[in-house]
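Hi there,

Here is the structure I promised to pass on to you. Have a look at it first, and then read my notes below.

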Protein chains: 2
Amino acid sequence: MQKNVNLRMTRQRQVILEELCKVDTHPSADEVYEMVRKRLPRISLGTVYRNLEILSASGKIQRLELGCNLKRFDGIAENHYHIRCPKCDRVVDVPPDLNVVVNHDLKNAAAFKILGHKLEFIGICPNCQT
Amino acid sequence: MQKNVNLRMTRQRQVILEELCKVDTHPSADEVYEMVRKRLPRISLGTVYRNLEILSASGKIQRLELGCNLKRFDGIAENHYHIRCPKCDRVVDVPPDLNVVVNHDLKNAAAFKILGHKLEFIGICPNCQT
DNA sequence: TTTGCTGCAAATCCTTTGCAGAGGT
DNA sequence: ACCTCTGCAAAGGATTTGCAGCAAA
């Protein structure tokens with residue numbers, strides 16, 4: 001990925017941004033591709049990927065990546081929280097004695113039937129702080 | 001994936017479970033493969049994937065997948081929370097007027113320098129409730 | 001003996017990348 | 001004109017799957 005020194009607002013980038021702001025469906029890259037293709041039939045999927053990356057790096061859109069790329073597995077079956085270090089991607093458990101309170105008032109308002117929540121803290125681990 | 005009607009405790013499954021419970025590093029499937037291979041040199045990566053799936057489906061281990069498989073993009077750049085429906089994988093925003101309180105007391109205790117958190121609610125969407 | 005499980009390899013899915021030409025600024 | 005961006009296609013990495021033989025129960 002190139003450094004965003006001199007960003008150009010190309011037609012493709014413009015349309016991707018417009019289409020993304022039109023919807024609230026949190027589309028995947030492929031879904032964005034399908035949306036944009038209606039206006040720019042010759043756009044390539046690679047371009048969509050590159051632009052989504054650039055747009056989120058420059059803060060114009062948000063990239064939802066709750067968690068890391070790899071699925072990870074935990075020998076502890078009980079639900080608990082994690083802290084992930086964005087530098088080394090290490091994941092550690094949140095000490096269980098710590099009281100993390102998530103207010104579930106939202107349960108009453110959303111049309112969703114809330115089953116639970118996933119909470120992940122992002123933090124620089126001791127190793128990476130130096 | 002077969003339905004878990006009659007699970008057998010094979011040597012491979014046993015060793016995967018044992019190795020996973022030994023560590024607290026939240027390994028990826030490939031890392032589990034490397035761990036297990038020391039004891040079962042002929043095990044295949046496919047078997048590791050299948051067993052991690054089966055073990056987490058049967059509740060013996062936990063699968064960390066904060067979020068969905070696909071990266072998703074959001075036209076709203078500001079940070080906000082999401083609800084995801086596990087049935088249809090739809091993601092919607094948490095209405096911003098709802099007060100979600102995450103207690104950050106944990107900041108003082110962990111050796112991590114906490115930068116923030118990611119919170120995702122899991123819930124059945126109106127469509128999937130029928 | 002039944003049938004779930006394994007190793008293997010090929011397939012699949014999503015994403016990234018190299019390249020030569022096109023197009024913003 | 002400069003240099004970023006594009007389309008294309010191939011490569012890449014993680015995960016899944018088909019199959020024939022193996023092994024728990």
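Before we start, one term: two strands count as paired if DSSP finds at least two bridges between them. Please also keep in mind that this is a predicted model.

**The shared sheet**

With that term in hand, look for the open sheet, in which six strands lie in the order 4(A)-3(A)-5(A)-5(B)-3(B)-4(B). Its pairing is mixed. At the edges are strand 4 (91-93) of chain A and strand 4 (91-93) of chain B, each of which pairs on one side only. From one strand to the next, the twist averages 30°.

Let's walk across the sheet, beginning in chain A. Strand 4 of chain A is joined to strand 3 of chain A by three bridges, and these two strands run antiparallel. If you want to find this pairing on screen, go to A:Arg84, whose bridge partner in strand 4 of chain A is A:Val91.

The next step goes from strand 3 (residues 82-84) of chain A to strand 5 of chain A, and here the pairing is parallel, with three bridges. A useful landmark is A:Ile83, which stands opposite A:Phe121 in strand 5 of chain A.

Now we cross from one chain to the other. How many bridges pair strand 5 of chain A with strand 5 of chain B? There are eleven, and the two strands run in the antiparallel sense. You can follow this pairing through two residue pairs: A:Lys113 stands opposite B:Ile124, and A:Ile124 stands opposite B:Lys113.

On the chain B side, strand 3 (residues 82-84) of chain B and strand 5 of chain B run parallel and are joined by three bridges. There, B:Ile83 has B:Phe121 as its bridge partner in strand 5 of chain B.

**A closer look at strand 5**

Is strand 5 of chain A mostly covered or mostly open? It is mostly covered, with nine of its twelve residues buried. In chain B, strand 5 is largely enclosed by the rest of the structure, because nine of its twelve residues are buried.

One residue to click on here is A:His117, which sits in strand 5 (residues 113-124) of chain A. Its relative accessibility is 16%. Buried means under 20%, so A:His117 counts as buried. For a sense of distance, try A:Gln14: it is 103 residues from A:His117 along the chain, and the C-alpha atoms of the two are separated by 35 Å.

**Chain A as a whole**

Chain A contains four helices and five strands. Along the sequence they follow the pattern α-α-α-β-β-β-β-α-β. Of the 130 residues in chain A, 45% are buried. If you take the contacts in chain A between residues at least 6 apart in sequence, 49% of them join residues at least 24 apart.

**Two helices that cross**

Next, turn to helix 1 (residues 11-22) and helix 2 (residues 29-37) of chain A. Their axes come within 9 Å and cross at roughly 105°. Angles of 65 to 115 degrees count as roughly perpendicular, and therefore helix 1 and helix 2 of chain A are described that way. From helix 1 of chain A, the residues A:Val15, A:Ile16, A:Glu19 and A:Leu20 meet A:Val32, A:Met35 and A:Val36 in helix 2 of chain A. Sorted by class, this contact has six nonpolar residues, no polar ones and one charged one.

In chain B, helix 1 (residues 11-22) and helix 2 (residues 29-37) pack at an angle of about 105°, with their axes 9 Å apart. Helix 1 and helix 2 of chain B are therefore roughly perpendicular to each other. Here B:Val15, B:Ile16, B:Glu19 and B:Leu20 in helix 1 meet B:Val32, B:Met35 and B:Val36 in helix 2. The residues of this chain B contact divide into six nonpolar, no polar and one charged.

**The cysteines**

A disulfide is a covalent bond between the sulfur atoms of two cysteines. How many disulfides does a search of the whole structure find? Zero, over all chains. Two cysteines you can look up are A:Cys21, which counts as partly exposed at 47% relative accessibility, and B:Cys21, which counts as partly exposed at 48%.

Enjoy exploring, and write back with any questions!

Best wishes

Technical notes: Residues are numbered from 1 along each chain as its sequence is written. Chains are lettered from A and ligands numbered from 1 in the order in which they are written. This is a predicted model: local features need pLDDT of at least 70, side-chain atom pairs count only at pLDDT 80 or more; totals for chains, interfaces and linings use all residues. Side-chain values use heavy atoms; hydrogens and water are left out. Buried means under 20% relative accessible area, exposed over 50%, partly exposed in between (1.4 Å probe, protein chains only). A disulfide is a pair of cysteine sulfur atoms within 2.5 Å. Axes are lines fitted to C-alpha atoms, for helices over the stretch in contact, and angles run from 0 to 180 degrees between N-to-C directions. Angles under 35 degrees count as roughly parallel, over 145 as roughly antiparallel, 65 to 115 as roughly perpendicular and the rest as oblique. Contact means heavy atoms within 4.5 Å. Ala, Val, Leu, Ile, Met, Phe, Trp, Tyr, Cys and Pro count as nonpolar, Asp, Glu, Lys and Arg as charged, and the others, Gly among them, as polar.
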